[in-house]
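Grab the model and work through these exercises with me. Try each task before you peek at the solution.

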Amino acid sequence: MKILIIEDDKDIAEMLEYNFKQEHFEVAAIGSGLEGLKKAKKWLPDLIILDLMLPDMGGINVCRVLKSEEDTQNIPVIILTAKGEEIDKVVGFEVGAEDYMTKPFSPRELMLRSKALLRRVKKKKVPLNSSVTYSFGNLKVDPDKFEVLVGKTDVKLTAVEFRLLEFLLANKGRVATRDVLLDKVWGYDAELTTRTVDTHIKRLRQKLLSAGDYIETIRGVGYKFKEKP
């Protein structure tokens, strides 16, 4: 599997490159945002490790571009940054990053998170039930084709957003707590907060247009998909 590291700190980039190669990954390390974008579009890695503070194009903008283009939107991204404020994490998740680690970080923890994230993405490529196509009001979801339609509008979701929608749809009428969603959708134990769920729900509702109203907030508990349109 291919790992793209977009990191301008040479020491960190070399350390990550060495660790991933030791685990038998194919690795490329790029020191700038613009060059990293070019490499991602051409090479199509399985995972991107992305520094937030880059000299030419910030990591947030790099992630935003990656998640807006069809060829790269489903490549999982782990953001690395020296910043640790909650607002930075929220912005990272809002532009589609799957995970976030603050420097200094444990290389072993990053490796464990990366492997777990890759396992989850690989599992998602095999639909939970390929014979099921969900139809609810003006919303249609085809897990086999990774396709979401609201009316006649083709809605593009990230892998995390799609899995979140699929889980809520499969359990419509039942309340899912934020902790349950973190476990079932993200699928691994990471230092993610419940704010992560709220941010992704907000993005999902926006992308689903009128169908976003099908997702209800249960205050103090979590979220559920309506039983009826």
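Strands here are DSSP runs of E with at least two residues, helices are runs of H or I with at least four, and both are numbered from the N terminus. Two strands pair if DSSP finds at least two bridges between them. The model is predicted, so local features need pLDDT of at least 70 and side-chain atom pairs count only at pLDDT 80 or more, while totals for chains, interfaces and linings use all residues. Residues are numbered from 1 along each chain as its sequence is written, and side-chain values use heavy atoms, with hydrogens and water left out.

**Exercise 1. Work out how β12 is connected to β11 and β10.**

Start with the turn: β11 and β12 make a hairpin with three residues between them. Gly 220 sits in that turn, with a positive phi of about 80°. Next, the pairing: β11 (residues 215–218) runs antiparallel to β12, with four bridges, and Ile 215 stands opposite Phe 225. Then look at β10 (residues 176–177), which is also antiparallel to β12 and joined to it by two bridges. There, Ala 176 faces Tyr 223.

**Exercise 2. Are the residues on the two faces of β12 buried or exposed?**

Use these cut-offs: buried is under 20% relative accessible area, exposed is over 50%, and partly exposed lies in between (1.4 Å probe, protein chains only). On one side of β12 (residues 222–225) you find Gly 222 and Lys 224, on the other Tyr 223 and Phe 225, and all are buried. Phe 225 has a relative accessible area of 0%, so it counts as buried.

**Exercise 3. Trace the ring cluster that includes Phe 225.**

Rings of Phe, Tyr and Trp (its six-membered ring) pair if their centres lie within 6.5 Å; planes under 30 degrees apart are stacked, over 60 edge-to-face, and the rest tilted. The whole structure has five such pairs. Take Phe 136 and Tyr 214: at 4.9 Å between centres and 80° between planes, they are edge-to-face. These two are 78 residues apart in the chain, with Phe 136 in β6 (residues 134–136) and Tyr 214 in the loop between α8 (194–207) and β11. Now step on to Tyr 214 and Phe 225: the centres are 5.9 Å apart and the planes are at 55°, so this pair is tilted. Here the separation along the chain is eleven residues. Put together, ring pairs link Phe 136, Tyr 214 and Phe 225 into a cluster. Finally, check burial: Tyr 214, at 10% relative accessibility, counts as buried, and Phe 136 is buried too.
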